[in-house]
Amino acid sequence: MEPVNDAAHPATESVPGRRPTTSAPGSGPTTSASGPGKRTGSRLYPRVTSFRSRRVALTPTQQQSWERMWPRIGREVSDDRLDAAVWFGRTAPLIVEIGCGTGTATAAMARDEPQFDLLGIEVYQPGLAQLVQRIEREDIGNIRLLRGDAVDVLEHMIAKNSLTGVRVFFPDPWPKARHHKRRLLQAPTMSLIASRLIPGGVLHVATDHAEYAEHIAAVGAEEPQFIGMNEATGGDPEQFRRDAPIGFERPVTKFESKAHRAGSAITELIWGKINP
């Protein structure tokens, strides 16, 4: 596919151009002594998170588009279980993209895969606003957006055995050793994702950070619900490609094109959920 524009998030303490998406399980909003379930800190921005937001105002046109579209296509993280059929107005296989950023890749996938419903999860409002504008401008009907921490969304809003696919493209690698605990793709998150996939559902990860790729491959290999579906995960893609419920192709983002020019190798890691 041709490269698509995919602007970097203006985040702090993370690698420029990455997808600073979420905190790892167990590092989200803390509970207070006032009672179980009482949250302290922001639901959108957990106290220890791999995303430190800069408050960037929307442009007037972004704000107008947001006000027109967000009530219909967007929600903030909550404890309300998602009813995708009602929200999308149809019953279709559901794919979650964690860290959809400004959404140019998300929009491209939605146009190329009209048979799927795509749910983008992102915390960065100006990035979401760009995607909202694109959805309105191009009249894309099969995208919905959730603003919040992806682990929080998966834990509280997504039912078990309900997702056909989960995509995590270029998550922030947090390269400093002291920050590795902030990485999204840890063993607990892999188990959580696996629990939300239908049997045969697919997790597709892409990264240009070699050490993080090794880490992701290791924690994925330890997840008993997963089987490798491509070379990087110990599987044969030709064995699985034909029968997989989602395709293994994805748009090449502008950020990825820069990585190619810089000589960075892109690692694709694809797993399928084993049928019980």
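Strand S9 (residues 197-207) and strand S12 (residues 267-273) run in the antiparallel sense and pair over six bridges. If you want a spot to look at in this predicted model, find Ala206, whose bridge partner in S12 is Glu268. These strands belong to a protein chain with nine helices and 12 strands. From here, let's walk through the neighbours of S9, then some loops, and finish with how far to trust the picture.

**S9 and its other partner, S8**

- S9 is mostly covered, with eight of its 11 residues buried.
- Besides S12, S9 pairs with S8, and that pairing is in the parallel sense over six bridges.
- To see S8 and S9 side by side, look at Val166, whose bridge partner in S9 is Leu203.
- How do you get from S8 to S9? The helix H6 is part of the story: S8, H6 and S9 make a right-handed β-α-β unit.

**S5, a strand with cover on both sides**

- Strand S5 (residues 94-98) has five of its five residues buried.
- Here's a handy rule: in a regular strand, side chains alternate between the two faces of the sheet.
- Which residues of S5 sit on each side, and are they buried or exposed? Leu94, Val96 and Ile98 are on one side, Ile95 and Glu97 are on the other, and all of them are buried.
- S5 pairs with strand S6 (residues 117-122) in the parallel sense, over five bridges.
- In that pairing, Leu94 stands opposite Asp117 of S6.
- S5 also pairs in the parallel sense with strand S8 (residues 163-169), this time over three bridges.
- There, Ile95 has Gly165 of S8 as its bridge partner.

**H3, the helix between S5 and S6**

- S5, H3 and S6 make up a right-handed β-α-β unit.
- Why is helix H3 (residues 104-112) described as largely enclosed by the rest of the structure? Seven of its nine residues are buried, so there is cover around most of the helix.
- The buried ones are Thr104, Ala105, Thr106, Ala107, Ala108, Met109 and Ala110.
- It helps to know that an α-helix has 3.6 residues a turn, so residues three or four places apart point the same way.

**Two loop residues with positive phi**

- Asp139 isn't a glycine, yet its phi is positive, at about 55°.
- You'll find Asp139 in the loop between helix H4 (125-138) and strand S7 (143-147).
- Is Asp139 buried or exposed? Its relative accessibility is 68%, so Asp139 counts as exposed.
- Trp174 isn't a glycine either, and its phi is positive too, at about 40°.
- Trp174 sits in the loop between S8 and helix H6 (187-196).
- Trp174 has a relative accessible area of 1%, so it counts as buried.

**A contact inside the S8-H6 loop**

- Asp172 lies in the loop between S8 and H6, and Trp174 has its place there as well.
- With a relative accessible area of 3%, Asp172 is buried.
- What does the side chain of Asp172 reach? It reaches the backbone nitrogen of Trp174, at 2.9 Å.

**Gln133, with partners from elsewhere in the sequence**

- Gln133 is part of helix H4.
- Gln133 and Ser65 are 68 residues apart in sequence, but their C-alpha atoms are 5.9 Å apart in space.
- Which residues does Gln133 touch, once you leave aside its neighbours within four places in sequence? They are Thr61, Gln62 and Ser65.

**The whole chain**

- The protein chain has 276 residues, and 55% of them count as buried.
- Among contacts in the chain with a separation of 6 or more, 79% are between residues 24 or more positions apart.
- The accessible surface of the chain comes to about 12100 Å², and carbon and sulfur atoms account for 51% of that.

**How far to trust it**

- The mean pLDDT of the chain is 84, with 79% of the residues reaching 70 or more.
- Over residues 25-41 the pLDDT is below 50, and this stretch has 26 contacts in the model beyond near neighbours in sequence.
- Residues 47-53 also have pLDDT below 50, with 25 contacts beyond near neighbours in sequence.
- Where pLDDT is low, the predicted coordinates should not be read in detail.

Note on methods:
Residues numbered from 1 in each chain as written. Predicted model: local features only at pLDDT ≥ 70, side-chain atom pairs only at ≥ 80, totals over all residues. Heavy atoms only, no water. Buried < 20%, exposed > 50% of the residue type's maximum accessible area, 1.4 Å probe, protein only. Helix = DSSP H or I, 4+ residues; strand = E, 2+ residues; numbered from the N terminus. Pairing = 2+ DSSP bridges. Right-handed = clockwise from strand over helix to strand, strands pointing away. Contact = heavy atoms within 4.5 Å. Areas by Shrake-Rupley, 256 points an atom, 1.4 Å probe, with all protein chains shown as cover. Polar contact = N/O pair within 3.5 Å; in protein donor to acceptor, adjacent residues only side chain to side chain. pLDDT = per-residue confidence, 0-100.
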